2 protein chains.
Amino acid sequence: MEPEAEVRTKAERAKRASTQLIGLSTETKNEALLAMANGLEAGCQTILDANRADMDEYSLQNPGSPLLDRLMLNQPRIKAMADGIREVSRLPDPVGEIVDGMRTADGLEISRVRVPLGLVAIIYEARPNVTADAVSLCIKSGNSILLRGGSEAIRSNGAIVNALVESSRHLIPADSIQFVETADRRAVGAMLLARGLIDLLIPRGGSGLIGHVVENAKVPVIETGVGNCHIYVDESAKLEMASDIVYNAKVQRPAICNAAKKLLIHSSVAQTHLPEMAKRLRGAGVVLKGCPRTRALISGVGEATEEDWQTEYLDMRLAVKIVDTLEEAIVHINRYGSKHSEAIVTEDYDRAQRFLRDVDAAAVYVNASTRFTDGFLFGMGAEIGISTQKLHARGPMALRELTTTKYLVRGKGQVRK
Amino acid sequence: MEPEAEVRTKAERAKRASTQLIGLSTETKNEALLAMANGLEAGCQTILDANRADMDEYSLQNPGSPLLDRLMLNQPRIKAMADGIREVSRLPDPVGEIVDGMRTADGLEISRVRVPLGLVAIIYEARPNVTADAVSLCIKSGNSILLRGGSEAIRSNGAIVNALVESSRHLIPADSIQFVETADRRAVGAMLLARGLIDLLIPRGGSGLIGHVVENAKVPVIETGVGNCHIYVDESAKLEMASDIVYNAKVQRPAICNAAKKLLIHSSVAQTHLPEMAKRLRGAGVVLKGCPRTRALISGVGEATEEDWQTEYLDMRLAVKIVDTLEEAIVHINRYGSKHSEAIVTEDYDRAQRFLRDVDAAAVYVNASTRFTDGFLFGMGAEIGISTQKLHARGPMALRELTTTKYLVRGKGQVRK
């Protein structure tokens, strides 16, 4: 089958299945999730065989690539996926929640009720665990799902989807979960154009993938996960707290979107704070780049160019800029930031309040590491991505963000005068 | 100035102004709105002169057009606009609302706070009162606004904007309100592409305009207002209630999006109910089209084609289809409806519940006219449009829907373990 026809056929099937998912009870959905978790564990060996084939092919073409670890599955990782699905089964069902409501002067009873979106599509790269996470969140929220993973994990993802579908087909429509099997890139194009079928498309991956999807999609999209995050060390910041936060935000997991990519520091504390912070960061392997004043203060720092300020480093680089005012820091962040997570370190109440108000991002921090932006840590029990856009959902997304609402209006024959 | 440069310059100015609007108190915004209302009334004659010029030019080119009444302003209509702005000043300020929040196990205080979107753009046709409505809702919700009205009302809209800006510039940045002065259509294209400047674009007008915007925009858009609305008369429906609801939904204001455009009726009551309903509708000037069974039952009914089922009539046409089951009605509605407002007339509890659950639309009614879908009647105190999409806002939109949220996270030095 041509890639476009494959996408179209599978999207139509999933869309039809979504009308059946609306009517399922919370209990049935939870049973299906538990069956999927058991099915994953029971199918462990088949999944590992498929993953072995993916790994062999990938390592032949990309020997020693750091991506190999992200692609690799083993028994504990499959167990972790299954446990993740069990966690989702324990979360509250968002569907059916009455968000608000009223009785009008005419006696109409209006309630705004949370309902599934319909068909959610996801385009993602590398890690096969995304497959199980996304399926469980979509099914729990009453949506069908169309998955398109990276070609390097195509056998692993296919085996995972097969285990999920086969173990739950006695409880939910098998068509609810659809996996695009072709590695042909035209499949992505077909997904971007499937207006009227796909109710929400979530791209998960590097900024290249996300930019391509946002630029070209005709279906509704939520931008996720690009994090060009800044820590601003204010003139009142204490050295120890500033150093701890910057170190944690930069070093703990540098390839994650909520890690710090840039450090801004007030000129009045640059001399006292920056040398020690730089030394500690370099001790952990951080490579510093900087503005001219930073380079004059710290030796061996490369020049940070316009491109550096725009780039979401996903490695050990950190670009440093010395600023003269809080306002200069805020303007820089609002210009170059990706509206993900931004932090100030300060002892000054008023400056903390201004930073919280004026920085335009999904999560704005005072005196804490940006690494906390995460659906689990924010109490959602799960995460399907972190929205960096303003419409619909902003910040970590989980079950609630996979729903919409509709107004139900109950009358007794009212007409408008 | 070239149209693209005009749009770019004005969008940049408005975007800069939006950062100042974030910091304004509710009191200042309300004062600015009251000043605008007074300014509109004080500038009445200037606005009427500009409107006269628009009317003269339009009526010369389109003598007798029904659009003339929508374009026409007079003193009472300007008074009504001013009173509308005063109403908005009395509505609660959505900005600053703490939507939810928590303290985490780590002791982080997380609050999700409602904040302005930034720059809202609106592309609209005909009625100049939209100008005042949109400006007041955007300013109240802390957003700057970029307006692009229809060329037929360009002088009227310009005069209204001028009165609003000049009367409020001592309270809010004059750049907050920007009006595209060129009638050149390239201005619309420039707005659609202004990524990073326009945070939300709302098209208001016919389905042609809305379709063009949705297809071509690279900025975030909310689809509004296309209403291919159905009334389904169930087998258990009482004739009198069904007739009253269909008559009201079709006849009261046929050119409005929430008016009924289609009638579906169960075959078991077609013979008893349809002839009388058809007679009453025709008595009010309704032109019936129908499926073959309808045409066999009622004489003089034209054939309803595939195109009829898809079309949002904005006139006195009504297409009628006889169906054999509730399910057939729901499938038809979900296929052809524009996801705006849909109604069932029934005495059966279970069928009412199934219709409410399975029909995919912003507002789903039991035993009431679809004409009630409206921000004022739904208790919002205002309306900037009716969203027919699922993301961000669904149904009538007012102040809350012109905001987003951000997470504020207050710590005391926490880092992630």
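Which helix of chain B holds B:W309? Looking at this predicted model, you will find B:W309 in helix 13 of chain B, which covers residues 306–310.

Let's stay with that tryptophan for a moment. Is B:W309 buried, exposed or partly exposed? There are 19 other C-beta atoms within 10 Å of B:W309, and a buried residue needs 20 or more, so B:W309 counts as partly exposed. Setting aside residues up to four places away in sequence, B:W309 touches B:A304, B:A319 and B:Y336. As a further landmark, take B:K250, which is 59 residues apart from B:W309 along the chain; the C-alpha atoms of the two are separated by 15 Å.

Now let's turn to where the two chains meet. Here 54 residues of chain A are in contact with 54 residues of chain B. On the chain B side, the elements giving two or more residues are helix 10 (239–251), helix 15 (349–358), strand 13 (363–368) and strand 16 (403–414). Strand 16 of chain B provides the largest share of that side, with 11 residues. Sorted by character, the chain B residues that touch chain A comprise 25 nonpolar, 16 polar and 13 charged ones.

Strands from the two chains also pair with one another. Which strand of chain B pairs with strand 16 of chain A? The partner is strand 13 of chain B, and the two run in the parallel sense over 5 bridges. To find this pairing on screen, look for A:V409, which stands opposite B:Y365 in strand 13 of chain B.

Key: Residues numbered from 1 in each chain as written. Chains lettered and ligands numbered in written order. Predicted model: local features only at pLDDT ≥ 70, side-chain atom pairs only at ≥ 80, totals over all residues. Contact = placed C-beta atoms within 7 Å. Helix = DSSP H or I, 4+ residues; strand = E, 2+ residues; numbered from the N terminus. Nonpolar A, V, L, I, M, F, W, Y, C, P; charged D, E, K, R; others polar. Pairing = 2+ DSSP bridges. Buried ≥ 20, exposed ≤ 12 C-beta atoms within 10 Å, placed from the backbone.
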